[in-house]
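Some notes on the model follow, as numbered points. They begin with one helix and work outwards to the sheets and cores.

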Amino acid sequence: MLEHGPLEKLTENVWTVDGALPNMALRRRMTLVRLRDGSVLVHNAVALSEGLMADIERWGEPAHLVVPNGFHRMDAHAWKSRYPKSRVWCPASARARVDEMVTTDGGYESMPAHEELSVEYLEGSRAAATEGVFTVREADGREVLIFNDALFNHPHATGFGGVMLRVMGSSGGPRVTPLFRAVGVADKARFAAHLRHLGTRPTLSHLVPGHGLPVDLDAGGVLRDVADRLSPR
C-alpha cells in the first residue's frame, strides 16, 4: 500500500482520496459514490489503510469497481479480493488489458442503470470508447462530474519529478495535458465541444479529475475554459 491522504467528503454521496504512485511525483485520485440503494461505486481504486476502509464500509458496501482505463488498474485486484461480490467495469476498449489484472464484468455500456449515476464516453477520444466521464446527481439537484486522464488539476510539485511534470505541462491548474492530447484525443474540436457542453450544465457543482485537486468553484466555467484552451471556438 502506498501513501495516501484522508477521505475528502465533497458532497453527501461523493467522497474522494488522493494517493501516491510508485516512484513518481504524479498523484492519483480515487472517487467513491454512494448509490441510493446504499451500495458504493469505486472509481479508480486506491489501496487504503484499514481505518479508512472501515469508514467506507460503515458508509456503504462497495459493489461496483470502475477501472477507468488499462493503466489505472494497479489496486483493482486488492479491492476485488476484499469485495469478491463486487462487479468490475471499464471502458470497452480496455477490457483485455484490465482482464490481465482482474476479471471484468463488462464495458460501461453494460453497467446497470441508476437514476443518480450515468456514464458517457467523451467524443473525439482517440480510440473507440477509451475515456469516460461519470455524472453523479445529488438529491438537491447538484451534479458532480468524475473524470480520469482527460482532466488534470495537479498542483506543481517539488523535486525532479515535479520539474518533469511542469516541463510536460501536466501540472499547474485544470487542463487537458499535452500527453493526453497526443495519446487520447483524435479530434480536438469534438473533444473540446463535448467538454464545453458538459460545462454548460447549470447544476454542475464539482469536477473530480483523475489526477490532482477537485474543483468546487465555478466548475462549469473552469471546464469551459479548459475546452477553449484545447480548441478555441
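1. On one side of helix α1, E50 and R58 are exposed (over 50% relative accessible area, 1.4 Å probe, protein chains only). The buried residues of α1 (residues 50-59), with under 20% relative accessible area, are L52, M53, I56 and W59. Viewed down the helix axis, these buried residues fall within an arc of 115°, taken from the directions from the axis to the C-beta atoms, so they line one face. Helices (H or I, at least four residues) and strands (E, at least two) are DSSP runs, numbered from the N terminus.

2. This is a predicted model, in which local features need pLDDT of at least 70 and side-chain atom pairs count only at pLDDT 80 or more, while totals for chains, interfaces and linings use all residues. Residues are numbered from 1 along each chain as its sequence is written, and side-chain values use heavy atoms, with hydrogens and water left out.

3. The buried residues of α1 pack against β2, β3, β4 (39-43), β5 (61-66) and α2 (76-82), contact meaning heavy atoms within 4.5 Å. Apart from neighbours within four places in sequence, I56 touches L7, W15, L32, L48, P62 and W79.

4. The largest nonpolar core (buried Ala, Val, Leu, Ile, Met, Phe, Trp, Tyr and Cys residues joined through side-chain atoms within 4.5 Å) has 24 residues. Among those with the most contacts inside this core are L7, M30, I56 and W79. Its largest share, four residues, comes from α1. A second, separate core of 21 residues includes V176, V185, F191 and A227.

5. Seven strands form an open sheet in the order β1-β2-β3-β4-β5-β6-β7, with mixed pairing; two strands pair if DSSP finds at least two bridges between them. Its edge strands are β1 (8-11) and β7 (106-107). Strands β2 (residues 14-20) and β3 (residues 27-34) run antiparallel and are joined by seven bridges, with V17 partnered by M30.

6. Another open sheet, of four strands, has the order β8-β9-β10-β12 and mixed pairing. Each of β8 (117-121) and β12 (204-208) has a single partner strand, so one side of each lacks a neighbour in the sheet. β8 pairs with β9 (residues 132-137) in the antiparallel sense over five bridges, and V119 stands opposite F134.

7. Helix α6 (residues 188-198) packs on this four-strand sheet, touching β8, β9, β10 (143-146) and β12. The direction of α6 makes about 160° with that of β8; axes are lines fitted to C-alpha atoms, for helices over the stretch in contact, and angles run from 0 to 180 degrees between N-to-C directions. Helix α7 (residues 219-230) lies across β10 and β12, at about 55° to β12.
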